[in-house]
Amino acid sequence: MNEPTILIIDDEEPMRSLIKTFLHKDGYNVSEASNGPEALELISKKEPDLILVDVMMPFMDGFAFAEELKKSYQIPLIFLSAKGEEWDKIHGLKLGGDDYIVKPFHPGELLARIESVLRRANYQTRQSAELSIGPLVLDSMAYRAYIHGKPMSLTLKEFDMLSLLAKNKGTVFSRDQLLQAVWGDDYKGTGRTVDTHIKTLRLKLKDEAKLIQTVWSVGYKFEV
């Protein structure tokens, strides 16, 4: 199966370029538009698998674009916005948005949200289900992990956290970023939840516990 195509709609070229860079790095196909009307023209020629749209744009803002889009298409949609007020989030979701992410955001968080939305839409997010990172193998379709070829017994949250860290090796995630990416905005837990899961993952990694490193006063990272 071909990789999913993601359409980025943002009037700021540097932001489109930044998002495109780490989407390409993660294996996605990318198309882009600088405004709503241009995006609708692209969609009429070829539908993407998911759309990332900025809320604050000239000509047609992200909310107006979503209203127009939903008249003819059922394409998963994630809003990106510097506006983090609760009303804006609720309004975006009521318009049919599948998620709402406040700028600035961590690349790993965006990728995790994209994968979550694509899973809900029943899209395969990787041509190959297996990804090897050092001694670790992740099977994202079967939710299984192997260390030196031996299966690990992981909960879904443990798998999601290990997968996020491993796929973004070298990237430091704070406890809050991990909470938001793995458990979502509505979860009311604390950083202790993350610490507990990290401790359990290290125990299950056994001799490879060092793969998950603590960055003091910041959070955690995966390093091969």
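This report describes helix geometry, aromatic pairs, a helix crossing and selected loop residues in a predicted model.

**Helix 6 and its surroundings**

Helix 6 covers residues 156-167, and because a rise of 1.5 Å a residue over its 12 residues leads to an expected span of 16 Å, the separation of 16 Å between its end C-alpha atoms agrees with that expectation. The helix is mostly covered, with 10 of its 12 residues buried. Those buried residues are Glu158, Phe159, Asp160, Met161, Leu162, Ser163, Leu164, Leu165, Ala166 and Lys167, a list in which charged residues such as Glu158, Asp160 and Lys167 stand beside nonpolar ones such as Met161, Leu162 and Leu164. For Phe159 the assignment rests on a relative accessible area of 3%, which is under the 20% cut-off and therefore counts as buried.

**Aromatic pairs**

How many aromatic pairs does the model hold? The count comes to three. One of them joins Phe79 and Tyr100, whose ring centres lie 6.2 Å apart with 45 degrees between the planes, so that the pair is classed as tilted. This pair links distant parts of the chain, since Phe79 belongs to strand 4 (residues 77-81) and Tyr100 to strand 5 (residues 99-102), with their positions 21 residues apart in the numbering. Phe79 counts as buried because its relative accessibility is 0%, and Tyr100, at 4% relative accessibility, is likewise counted as buried.

A further tilted pair is formed by Tyr143 and Phe159, with 4.8 Å from centre to centre and 40 degrees between the planes. Here too distant parts of the chain are linked: Tyr143 sits in the loop between strand 7 (136-139) and strand 8 (144-147), whereas Phe159 is in helix 6, 16 residues apart. Because its relative accessibility is 24%, Tyr143 counts as partly exposed, whereas Phe159 is buried. Ring pairs also link Phe63, Phe79 and Tyr100 into a cluster.

**Crossing of helix 1 and helix 5**

Helix 1 (residues 13-25) and helix 5 (residues 107-120) have axes that come within 11 Å and cross at roughly 65 degrees, and the crossing is right-handed. On the side of helix 1 the contact is made by Ile19, Phe22 and Leu23, and on the side of helix 5 by Pro107, Leu110, Leu111 and Ile114. When the residues of this contact are divided by character, seven are nonpolar, with no polar and no charged residue among them. In general, an α-helix has 3.6 residues a turn, so residues three or four places apart point the same way. The contributions of Ile19, Phe22 and Leu23 from helix 1, and of Pro107, Leu110, Leu111 and Ile114 from helix 5, can be viewed with that periodicity in mind.

**Residues in loops**

Leu211 is found in the loop between helix 8 (191-205) and strand 11 (212-215), and it is buried because its relative accessible area is 4%. Once neighbours within four places in sequence are left aside, Leu211 is in contact with Pro135, Ile147, Leu205, Lys221, Phe222, Glu223 and Val224. Its C-alpha atom lies 9.7 Å from that of Leu165, although the two residues are 46 residues apart in sequence; Leu165 is itself one of the buried residues of helix 6.

Gln74 lies in the loop between helix 3 (62-69) and strand 4, and its C-alpha atom is 39 Å from that of Asp195, a residue 121 residues away in sequence.

Is Gln74 buried or exposed? With a relative accessibility of 69%, Gln74 counts as exposed. The table places Gln74 beside two further loop residues.

| Residue | Loop | Relative accessibility |
|---|---|---|
| Gln74 | between helix 3 and strand 4 | 69%, exposed |
| His148 | between strand 8 and strand 9 | 56%, exposed |
| Lys206 | between helix 8 and strand 11 | 65%, exposed |

**Backbone features**

His148 has a phi near 55 degrees, a positive value in a residue other than glycine, and Lys206 likewise has a positive phi near 55 degrees without being a glycine. The peptide bond that joins Lys103 and Pro104 is cis, with omega at about -5 degrees, and Pro104 belongs to the loop between strand 5 and helix 5.

Methods:
Residues numbered from 1 in each chain as written. Predicted model: local features only at pLDDT ≥ 70, side-chain atom pairs only at ≥ 80, totals over all residues. Heavy atoms only, no water. Helix = DSSP H or I, 4+ residues; strand = E, 2+ residues; numbered from the N terminus. Expected span 1.5 Å × (residues − 1). Buried < 20%, exposed > 50% of the residue type's maximum accessible area, 1.4 Å probe, protein only. Phe/Tyr/Trp six-rings, centres within 6.5 Å; stacked < 30°, edge-to-face > 60°. Axes fitted to C-alpha atoms, helices over the stretch in contact; angles between N-to-C directions. Left-handed = near helix turned anticlockwise from the far one by under 90°. Contact = heavy atoms within 4.5 Å.
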